[in-house]
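This report describes the fold, the nonpolar cores, the largest pocket and several individual residues of one protein. The sequence and the structure are shown first.

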Amino acid sequence: MDGFEPNSGVVLIAATNRPDVLDPALLRPGRFDRHVTVDRPDVKGREQILQIKATDKPLAECVDLKTLARLTPGMSGADLENVVNEAALLAAREDHKQITMSDLERSRDRIVMGSEHQLIMSEEERRTVAYHESGHAMTAALIPEIDSPHSVTIIPRGQALGITYAIPEEDQYLYSEAWCRGQIACLLAGQVAERLGVGDTFNGAGDDIKRATELARHMVCGWGMGELGPLALGNQEGEVFLGRELTRKRDYSNKTAVKVDEDIRRILDSSRQRAESILTEREDALHRMAEALLEHETLYRDQVVRLLEGKPLESPARPEVHTEENEMDTAGLKEEARTGEEEKTPAPAPFKEPPLAAPGV
């Protein structure tokens, strides 16, 4: 790369999706002078990409690409093209003359959650899955800091026996401590609901527990959200071989490791207690939602709200258009839950500055 003359007129362009493993010699001045970061598109970019990809597709009048862009956070251009193409295939299989919004949403669900498949399950197993997903859906609808559920289903998709799917109301780049704790409570609520509904817990909650533990570890070791405070603990440069085993470097003492484990345990325990409190107070709604899932297999946002409010369930037909009004359905429930938690939480003690440490301590 040092063999070109300034007047040779050669331009070198390179691309990578792993900038973290590049040799530092490639990044020093004089090598690649322009670094262009191409991130996943935001909601406006997704709308423009969808308009391009759907140019030659027969779209029905009910299709709102702006709404679809809001329903596909985190998707790349290739993902969005796949959504449109898959929707065209679904419409063709059902002899639709045009692609409807329902086709696009089902296509999105298939790409995000996996294809539906038939799986022979006993009635006891179906009931367990129904309670598990009801626990996720209820806590997602009632915890103010996290996203409300868009749909909940006990139809097996991919490797999952059931899925609760939440859509953020807008693109999110920062995550607060309150969001993280609420998300952990939602993840652990599935197993809590199993115990309330069928009197036992099952291995289906294994992935939820793994994700909750990883999130709690990030909070403590990287984001300064635990009682240890703002400390970056753990080597972030990757894994190394120690003897014959692959392990991760640790740059803190065994004593600190014990404190890290205790801090993670405190976060998980408090989040689980929060999930238990929410589900126990609305146990009747939990039973209603589980029975509704056993009957209809899939519920959507407005139906979840009706069940939580104790109202009779309307037709389980899939909504044709996901509107902004639908996103406001859970606002009242979240505000009620927030008020209830504030009433139960005692006021914090007044802050006192710690005494100054003696010199040399």
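## A residue of helix α6

In which helix is S134 found? The residue belongs to helix α6, which spans residues 123-142. The model is a predicted one, and every statement below refers to that prediction.

Is S134 buried or exposed? S134 counts as buried because its relative accessible area is 0%, under the 20% limit for that class. Apart from neighbours within four places in sequence, the contacts of S134 are L286, M289, A290 and L293.

## Overall composition

The protein contains 13 helices and five strands. It has 361 residues, of which 37% count as buried. When contacts between residues at least 6 apart in sequence are considered, 69% of them join residues at least 24 apart.

## Nonpolar cores

In soluble globular proteins, nonpolar side chains tend to be buried together. Here the largest nonpolar core comprises 51 residues, and those with the most contacts inside it are M138, I184, L268, M289, L299, V304 and L308. At least two residues of this core come from each of α6, α7 (177-198), α8 (206-221), α9 (254-281), α10 (283-296) and α11 (301-308). Helix α7 makes the largest contribution to this core, with ten residues.

M289, one of the residues with the most contacts inside the largest core, is also one of the contacts of S134. L268, another residue of that group, is in contact with I184, L188, A212, T213 and A216, leaving aside its neighbours within four places in sequence. A second core, separate from the one just described, has 20 residues, among them L71, L80, M113 and I163.

## The largest pocket

The largest pocket holds about 1300 Å³ of space. Its lining consists of 45 residues, and the closest to the pocket centre are I163, T164, L187, D208 and R211. The elements that each give two or more residues to this lining are α5, α6, β2 (163-166), α7 and α8.

Which element supplies the largest share of the lining of the largest pocket? That share, eight residues, comes from α6. By class, the lining is made up of 21 nonpolar, eleven polar and 13 charged residues.

## Strands β1, β2 and β5

In a regular strand the side chains alternate between the two faces of the sheet. Strand β2 shows such an alternation: I163 and Y165 point to one face and are buried, whereas T164 and A166 point to the other and are not. I163 is also included in the second nonpolar core, and both I163 and T164 are among the lining residues closest to the centre of the largest pocket.

Strand β1 (residues 149-153) pairs with β2 in the antiparallel sense through four bridges. Within this pairing, P149 stands opposite A166 of β2. β1 is mostly covered, with five of its five residues buried. β1 also runs antiparallel to strand β5 (residues 298-300), to which it is joined by three bridges. T298 of β5 is the bridge partner of T153.

Y300 is located in strand β5. Y300 is classed as buried because its relative accessible area is 9%, and the limit for that class is 20%. The C-alpha atoms of Y300 and T164 are separated by 9.8 Å, although the two residues are 136 apart along the chain.

## Residues in loops

M121 lies in the loop between α5 (101-113) and α6. With a relative accessible area of 18%, M121 is buried. Leaving aside neighbours within four places in sequence, M121 is in contact with R126, V129, P156 and L161. One of these contacts, L161, is 40 residues from M121 along the chain, and the two C-alpha atoms are separated by 9.6 Å.

Most residues other than glycine have a negative phi, and most peptide bonds are trans. Against that background, D95 has a positive phi, near 60 degrees. D95 is situated in the loop between α4 (77-93) and α5, and at 66% relative accessibility it counts as exposed. E297 likewise has a positive phi, near 70 degrees. E297 sits in the loop between α10 and β5, and its relative accessible area of 33% makes it partly exposed.

Definitions and conventions: Residues numbered from 1 in each chain as written. Predicted model: local features only at pLDDT ≥ 70, side-chain atom pairs only at ≥ 80, totals over all residues. Heavy atoms only, no water. Buried < 20%, exposed > 50% of the residue type's maximum accessible area, 1.4 Å probe, protein only. Contact = heavy atoms within 4.5 Å. Core = buried A, V, L, I, M, F, W, Y, C linked by side-chain atoms within 4.5 Å. 1 Å grid on protein atoms, 1.4 Å probe; cavity = no way out; pocket = protein on both sides within 12 Å on 5 of 7 lines; lining within 4 Å. Points joined across faces, edges and corners; volume = space filled by probe spheres on them. Nonpolar A, V, L, I, M, F, W, Y, C, P; charged D, E, K, R; others polar. Pairing = 2+ DSSP bridges.
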